[in-house]
Amino acid sequence: MISTVVNRLEEGIIALLLAAMTSLTFVNVVMRYVFNSGLTWALETTEFLFAWLILFGMSYGVKVGSHIGVDALVRLFPKNAQRVIGLIVVAAGILYSSWLIIGGWELVSFNHMLEMEAEDSPIMLWIVYLIMPVGAALLAFRLAQVGWRILIGQQVGFNLADEAREAIDQLGASTVEDDKSTTASTPKS
């Protein structure tokens, strides 16, 4: 239940951030080159939105297994060793997330105390920096899910994107489709 809510919320926020960045940049470009004016706060706001997108995207990348890594050496080990290495990776990631949560919270608290606004945008900086502890907490949550799946045997290690395997699979699928279409179009004697 909680996982489903977090999944939907995470995907919705990522889509909203991407749409807002794209729309704001498009409007600013049109205003600049067509109307010879522009939004002075657009670039800074786009940078803030991009930072939010990255920090939300970290946890989403763990969820869908899209982080790139080199695991050729790890795959040489037996399954039990791969599980141990996966748990070490998860523990290191949770430690990193913890540092980001603590440091991010200190940054948010400091900027809240100073009541600082962004340079060009009418946004309080503590609101902008709030994504650091929130994004890191989401990352820790996703890493804990991976660790749990490794512990109960649903997963062997830390899932990484395997672009080479995907390219080979796509090449194999297109070759099979080409063979089928060639066979179907060849007249039978």
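**Close-up views of a predicted model**

At 45% relative accessibility, Ala92 counts as partly exposed. The model shown in these views is predicted.

**View 1. Ala92 of helix α3 and its distance to Leu143.** Ala92 belongs to helix α3, which covers residues 79-114. Its relative accessible area of 45% places Ala92 in the partly exposed class. In sequence, Ala92 and Leu143 are 51 residues apart. In space, their C-alpha atoms are 9.6 Å apart.

**View 2. The salt bridge between Arg8 and Glu11.** The whole structure holds three salt bridges, and one of them joins Arg8 to Glu11. The closest N and O atoms of Arg8 and Glu11 are 3.5 Å apart. Both residues sit in helix α1 (residues 2-34), and because they are three residues apart, about one helical turn separates them. An α-helix has 3.6 residues a turn, so residues three or four places apart point the same way. Arg8 is exposed, its relative accessible area being 57%. Glu11 is partly exposed, at 27% relative accessibility.

**View 3. The salt bridge between Lys63 and Glu11.** Glu11 also takes part in a salt bridge with Lys63, where the closest N and O atoms are 2.8 Å apart. Lys63 is in helix α2 (residues 42-64) and Glu11 is in helix α1, so this pair ties together parts that lie 52 residues apart in sequence. Lys63 is partly exposed, with 27% relative accessibility. Arg8, Glu11 and Lys63 are linked in a network of salt bridges.

**View 4. The salt bridge between Arg142 and Glu10.** Arg142 and Glu10 form a salt bridge whose closest N and O atoms are 2.6 Å apart. The pair ties together parts that are 132 residues apart in sequence, because Arg142 lies in helix α5 (residues 131-151) and Glu10 in helix α1. Arg142 is buried, at 1% relative accessibility. Glu10 is buried too, with a relative accessible area of 1%.

**View 5. Helix α5 and the residue Gly153.** Helix α5 has 21 residues, and at 1.5 Å a residue it should span 30 Å. The C-alpha atoms at its ends are 30 Å apart, which agrees with that expected span. Gly153 comes just after α5 and takes a positive phi of about 85°.

**View 6. Gln155 in the loop between α5 and α6.** Gln155 is placed in the loop that runs between α5 and α6 (163-185). With a relative accessible area of 9%, Gln155 is buried, because buried means under 20%. The side chain of Gln155 makes a polar contact of 2.8 Å with the side chain of Arg149. Apart from its neighbours within four places in sequence, Gln155 is in contact with Arg83, Val146, Arg149 and Ile150.

**View 7. A nonpolar surface patch that includes Val29.** Val29, Tyr33, Val34 and Phe35 make a nonpolar patch of about 490 Å² on the surface. Val29 is found in helix α1. Val29 is partly exposed, its relative accessible area being 39%.

Note on methods: Residues numbered from 1 in each chain as written. Predicted model: local features only at pLDDT ≥ 70, side-chain atom pairs only at ≥ 80, totals over all residues. Heavy atoms only, no water. Salt bridge = Lys/Arg side-chain N within 4 Å of Asp/Glu carboxyl O. Helix = DSSP H or I, 4+ residues; strand = E, 2+ residues; numbered from the N terminus. Buried < 20%, exposed > 50% of the residue type's maximum accessible area, 1.4 Å probe, protein only. Polar contact = N/O pair within 3.5 Å; in protein donor to acceptor, adjacent residues only side chain to side chain. Contact = heavy atoms within 4.5 Å. Expected span 1.5 Å × (residues − 1). Patch = residues over 30% accessible without salt bridge, like charges linked within 9 Å, V, L, I, M, F, W, Y side chains within 5 Å. Areas by Shrake-Rupley, 256 points an atom, 1.4 Å probe, with all protein chains shown as cover.
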